[in-house]
Amino acid sequence: MQILRTAGEMRNASRAAQRGQQRLGFVPTMGALHEGHLSLVRAARKHCESVIASIFVNPTQFGPNEDFGKYPRTFERDCELLRNEGVAVVFAPPVEEIYPPDAATWVTVDGLSDRLCGRSRPGHFRGVTTVVNKLFNIVEPDQAFFGQKDAAQVAILKRMVQDLRLPVEIVVCPIVREPDGLAMSSRNAYLSPGERTSALILSRTLQDMERRFRDGETNVSALIAMAKKTFASEPNVRLDYLEIVDPDTLQTLGVLDRPALVAIAAFAGSTRLIDNLIVR
Ligand code: AMP
């Protein structure tokens with residue numbers, strides 16, 4: 001497995017693989033890898049002959065009071081895991097390689113970027129779309145693999161690829177959960193044992209909503225009101241948002257007459273967690 005640090009080296013490696021007729025699968029990550037990330041790598045291995053993973057904690061997607069400085073960095077262990085999964089190349093650039101000091105260009109998906117997490121984290125999605133665009137330009141993958149865990153991110157990146165006519169296919173993979181239902185996240189490492197238990201209220205609330213939907217409730221306000229009540233049974237977790245939206249436009253829905261994204265974000269202590277489910 002190669003570990004590459006510069007855009008030039010990365011592009012040369014990609015082009016050499018493509019000359020060898022290999023389909024390139026790309027898995028962008030911020031490291032601190034867990035089974036959720038590895039599920040993306042396995043999907044990429046299934047679809048593509050050569051898999052490239054990036055490890056880059058992207059400063060521009062963190063707000064000024066967020067956890068960029070303390071975000072878990074476990075590079076050696078991450079490389080070991082990726083090697084065991086048969087990854088061909090890890091692209092791990094320093095910040096200046098992606099953001100030279102005079103960089104002045106941003107990629108923004110208007111509208112969508114201000115919904116869900118974009119409302120609570122202004123500028124977050126602009127950081128995501130900018131870095132993913134740069135990574136796509138450097139790696140030139142055929143397919144790129146993202147987790148449904150970050151449902152708004154998926155909608156925004158699909159729109160970016162469509163609008164900018166980028167020659168890459170976005171493949172979305174299911175949420176990987178702990179056995180008790182908690183969605184895996186690098187940020188789960190911040191949780192104290194008490195917070196870890198309280199955090200289960202996110203997946204429980206979603207399950208509860210799905211049950212009520214299956215029982216015939218299709219009125220969005222009624223479902224949200226019931227879910228907020230369930231959520232309030234856990235006083236140690238503070239709700240940021242709980243919304244039912246169109247999975248592509250992220251616009252709020254009034255009735256559940258088509259597939260819908262139920263998305264939740266909440267704070268357990270100072271740790272912000274997200275989870276979601278698609279109801280059909
Ligand atoms: P991150 O390192 O948090 O930026 O995540 C990198 C990629 O892994 C993104 O596409 C995430 O959606 C995906 N991912 C993170 N957690 C999970 C999970 N629990 N299940 C599936 N994919 C995930």
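The crossing of helices α6 and α7 is right-handed. Please bear in mind that this is a predicted model. Helix α6 spans residues 124-139 and helix α7 spans residues 151-163. Two packed helices are described by the angle between their axes and the distance between the axes. Here the axes come within 10 Å and cross at roughly 50 degrees. Angles of 35 to 65 degrees fall outside both the roughly parallel and the roughly perpendicular classes, and α6 and α7 are therefore oblique to each other.

I turn now to the ligand. Seventeen residues surround the ligand, and those that come nearest are Met30, His37, Asp150, Val176 and Met184. By character, the shell holds 9 nonpolar, 6 polar and 2 charged residues.

Which residues place polar atoms 2.9 Å from the ligand's oxygen or nitrogen atoms? In the case of His37, a side-chain N or O atom is 2.9 Å from a ligand oxygen. For Gly147, the partner of a ligand oxygen is a polar backbone atom, again at 2.9 Å. Val176 also contributes through its backbone, where an N or O atom lies 2.9 Å from a ligand nitrogen. The ligand on its own has 480 Å² of accessible area, of which the protein covers 92%.

Finally, the secondary structure around the ligand. Two or more residues of the shell come from each of β2 (24-29), α2 (35-47) and β5 (143-147). Which element gives the most to this shell? That element is α2, with 3 residues.

How values were computed:
Residues are numbered from 1 along each chain as its sequence is written. This is a predicted model: local features need pLDDT of at least 70, side-chain atom pairs count only at pLDDT 80 or more; totals for chains, interfaces and linings use all residues. Side-chain values use heavy atoms; hydrogens and water are left out. A residue is near a molecule or strand if one of its heavy atoms lies within 4 Å of it. A polar contact is a pair of N or O atoms within 3.5 Å; within protein, one must be able to donate a hydrogen and the other to accept it, and residues adjacent in sequence count only if both atoms are side-chain atoms. Accessible areas come from the Shrake-Rupley method with a 1.4 Å probe; for residues, only the protein chains shown count as cover. Helices (H or I, at least four residues) and strands (E, at least two) are DSSP runs, numbered from the N terminus. Ala, Val, Leu, Ile, Met, Phe, Trp, Tyr, Cys and Pro count as nonpolar, Asp, Glu, Lys and Arg as charged, and the others, Gly among them, as polar. Axes are lines fitted to C-alpha atoms, for helices over the stretch in contact, and angles run from 0 to 180 degrees between N-to-C directions. Angles under 35 degrees count as roughly parallel, over 145 as roughly antiparallel, 65 to 115 as roughly perpendicular and the rest as oblique. A crossing is left-handed if the near helix is turned anticlockwise from the far one by less than a right angle, and right-handed if clockwise.
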